[in-house]
Amino acid sequence: MICLGIESTAHTFGVGIVDGSGKVLANEKAIFTTESGGIRPYKAFEHHVLLAEFVLKSALQNSGVKLNDIDLIAFAQGPGLGLTLRSGAVMARTLSKLLKKPLIGVNHCIAHVEIGKQTSGFKDPITLYVSGANTQILAFAAGRYRVFGETLDTGVGNFLDNFGRLLGLGFPAGPKIDELAKLGKNYIPLNYTIKGMDFSFSGILTNAEKKIRDEREKNNWKISDAFLHDICYSVQETVFAILTEATERAIAHINKREILLTGGVAANTRLQVMLASMAKDRGVKFKVVPRELAGDNGAMIACAGILAHQAKVQTKDSAIVQNWRTDQVNAVWVK
Ligand code: AMP
Ligand code: MG
């Protein structure tokens, strides 16, 4: 069994090729980036349409797989941006018709979880899923990945990118903030917003924006390097402490012994350290999805597509579902 998976929910157009044993044969992607602003959906759509064929060809070339060897086409059906989702759905439907192979629509958030489970070997983790648009604490219960906690506004990745935009860091800002924060020395107090296992970031963004404005007013409309480092450090300490606290509360209440970190922000070195330390204190296992599979990619879509297909899931309606929630999916493949 060889599955070709297509990812296009937001900034990334990805094509992954995965075999029945879960081995990733190719994982090619083109990521929409900017120098200073955020993602404009139409610009990202244009980017995807322009590069789709190139990404597909690269994946086929790198894997040595021929189009005719493919048994299954999987695509990210949602959640995501309407325009970019359509770019991947159109390619997936075309390939499925052309090759006369089944088409399977995958929930993007669940794909992040499944690739994490596959690479970690975890069977039944509590997952902290941290992406651009989504941030959820998930665990399997009664047939579905249930949401035990989540952001009440933006995903933590979007929060970091928006914060980075205030400092002119461009998109994606997360990796740059990760590096700048390592040079920070002084903690600048910021809001700390958590309610049970839910949390929110927009107040922290407004709060950080004010601190940046104060710094500019004080410093001749410039930002000193020391302040830049300190504010990145403080933002990371604050929001990652919130995520760690919410995950710890979930572990305390739900009877699971594994913590999985997945999604683009899983690449963050500080978040990994905080969660590892909490897991050690609690005596539970902790693993992080490999960096190359952390951000949006086609291999995770292929991997989740194979699992669903093997469990006889069929996609009858391939229309995109922009607001498809993780807990709306019957995860019949999970044992
Ligand atoms: P995804 O939507 O899952 O592809 O995740 C993309 C998000 O991950 C973007 O918001 C990035 O800024 C963020 N990201 C990537 N690497 C890092 C990092 N090292 N630290 C923090 N955020 C990151
Ligand atoms: Mg994602």
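**Close-up 1. Surroundings of ligand 1 in the predicted model.** Of the 19 residues around ligand 1, those that come nearest are Ser131, Asp161, Gly264, Asn268 and Asp296 (a residue counts as near if one of its heavy atoms lies within 4 Å). Helix 4 (156-166) and helix 5 (174-181) each contribute at least two residues to this shell (helices are DSSP runs of H or I with at least four residues, strands runs of E with at least two, numbered from the N terminus). This is a predicted model, in which local features need pLDDT of at least 70 and side-chain atom pairs count only at pLDDT 80 or more, while totals for chains, interfaces and linings use all residues. Residues are numbered from 1 along each chain as its sequence is written, chains are lettered from A and ligands numbered from 1 in the order in which they are written, and side-chain values use heavy atoms, with hydrogens and water left out.

**Close-up 2. Polar contacts of ligand 1.** A backbone N or O atom of Asp296 lies 2.8 Å from an oxygen atom of the ligand, and a backbone N or O atom of Gly264 lies 2.9 Å from an oxygen atom of ligand 1. For Asn268, a polar side-chain atom lies 2.9 Å from a nitrogen atom of ligand 1.

**Close-up 3. The magnesium ion (ligand 2).** Its protein donors, at 2.0 to 2.7 Å, are His108 (NE2), His112 (NE2), Ser131 (OG) and Asp296 (OD) (donors are N, O and S atoms within 2.8 Å of the metal, or 3.2 Å for Na, K and Ca; water is not among the atoms, so sites may look incomplete). Ser131 lies in the loop between strand 6 (126-130) and strand 7 (135-141), and Asp296 in the loop between strand 12 (285-288) and helix 9 (298-310), so the pair ties together parts 165 residues apart in sequence.

Definitions and conventions:
A polar contact is a pair of N or O atoms within 3.5 Å; within protein, one must be able to donate a hydrogen and the other to accept it, and residues adjacent in sequence count only if both atoms are side-chain atoms.
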